[in-house]
Amino acid sequence: MRIGQGFDVHAFGEGDHVMLGGVRVPHDRGVLAHSDGDVVLHALCDAMLGALALGDIGQHFPPSDARWKDADSLDFLRHCDALVRERGWMVGNADVTVVCERPKVGPHAAAMREAIAGALGVMMDDVSVKATTTEALGFTGRREGIAAQAVVLLRTL
């Protein structure tokens with residue numbers, strides 16, 4: 001087994017939705033990002049890469065590379081999954097926590113779990129997505145941005 005953890009943050013900006021776990025979630029703000037700014041998938045990618053000491057998402061998808069402008073982060077996740085599988089591993093389970101005051105994550109959690117499980121080729125029961133607030137403290141509490149943290153367990157194929 002190998003374990004990895006990841007964390008990602010994006011500031012809010014103009015827009016009418018945020019991408020979370022591969023799902024378009026209506027919101028009164030968007031995020032400032034080079035790609036689609038999906039903090040859930042970015043944290044998950046970092047956790048997968050970290051579990052095998054393969055660097056971080058910025059090394060694999062640098063914001064300086066125009067190819068990744070407005071990219072769908074599900075493509076990032078599929079790429080990371082391919083790297084993991086090429087080395088004889090697969091995601092055993094993943095646990096993600098979204099940190100924000102808004103938007104409400106609960107109504108979209110099942111769809112996020114389904115999208116993530118589908119991209120990774122695992123069962124929906126192998127993916128957990130939940131949310132918490134910071135009780136109005138810090139940048140997420142002031143509704144300036146959104147964050148996510150992820151933990152993954154990799155197991156051999």
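How exposed is Phe-7, going by its relative accessibility? Hi everyone, let's start right there. Phe-7 comes out at 45% relative accessibility, so it counts as partly exposed. One thing to keep in mind throughout: this is a predicted model.

Phe-7 sits in strand β1, which runs over residues 2–13. On the surface, Phe-7 joins Val-9 and Phe-139 in a nonpolar patch, and together the three have about 240 Å² of accessible area.

Let's move along to Phe-139, then. Its place is helix α5, residues 138–141. With a relative accessibility of 32%, Phe-139 is also classed as partly exposed. If we skip the neighbours within four places in sequence, its contacts are Val-9, Glu-144, Gly-145, Ile-146 and Ala-147. So Val-9 turns up twice here, because it is a contact of Phe-139 and also a member of the patch. There is a long-range pairing to look at as well: Phe-139 and Cys-100 are 39 residues apart along the chain, and their C-alpha atoms are separated by 9.0 Å.

Now for a residue with less solvent around it. Val-129 belongs to strand β6, residues 127–132. Val-129 has 9% relative accessibility and therefore counts as buried, the cut-off being under 20%. What does Val-129 touch, beyond residues up to four places away in sequence? The answer is Val-96, Val-105, Ala-109, Met-112, Arg-113 and Ile-116. Measuring from C-alpha to C-alpha, Val-129 is 9.3 Å from His-108, with their positions 21 residues apart in sequence.

On to the cysteines. A disulfide is a covalent bond between the sulfur atoms of two cysteines. How many disulfides does a search of the whole structure find? Zero. Cys-45 and Cys-80 make a nice case to check. For Cys-45, the closest cysteine sulfur is the one in Cys-80, at 3.7 Å, and that is too far for a bond because the two sulfurs would have to be within 2.5 Å. Looking from the other side, Cys-80 has Cys-45 as its closest cysteine sulfur. Cys-45 is buried, with a relative accessible area of 0%, and Cys-80 is buried at 0% too.

Finally, the whole chain. Over residues 1–154 we have 31% helix and 32% strand, and the C-alpha atoms at the two ends are 6 Å apart. An unreviewed UniProt entry annotates residues 1–154 as "domain: 2-C-methyl-D-erythritol 2,4-cyclodiphosphate synthase". That's my tour, thanks for listening!

How values were computed: Residues are numbered from 1 along each chain as its sequence is written. This is a predicted model: local features need pLDDT of at least 70, side-chain atom pairs count only at pLDDT 80 or more; totals for chains, interfaces and linings use all residues. Side-chain values use heavy atoms; hydrogens and water are left out. Helices (H or I, at least four residues) and strands (E, at least two) are DSSP runs, numbered from the N terminus. Buried means under 20% relative accessible area, exposed over 50%, partly exposed in between (1.4 Å probe, protein chains only). Contact means heavy atoms within 4.5 Å. UniProt positions are given in the numbering used here, feature names are shortened, and annotations may be inferred rather than shown by experiment. Patches are made of residues with over 30% relative accessible area and no salt bridge: like charges are joined within 9 Å, nonpolar side chains (Val, Leu, Ile, Met, Phe, Trp, Tyr) within 5 Å. Accessible areas come from the Shrake-Rupley method with a 1.4 Å probe; for residues, only the protein chains shown count as cover. A salt bridge is a side-chain nitrogen of Lys or Arg within 4 Å of a carboxyl oxygen of Asp or Glu.
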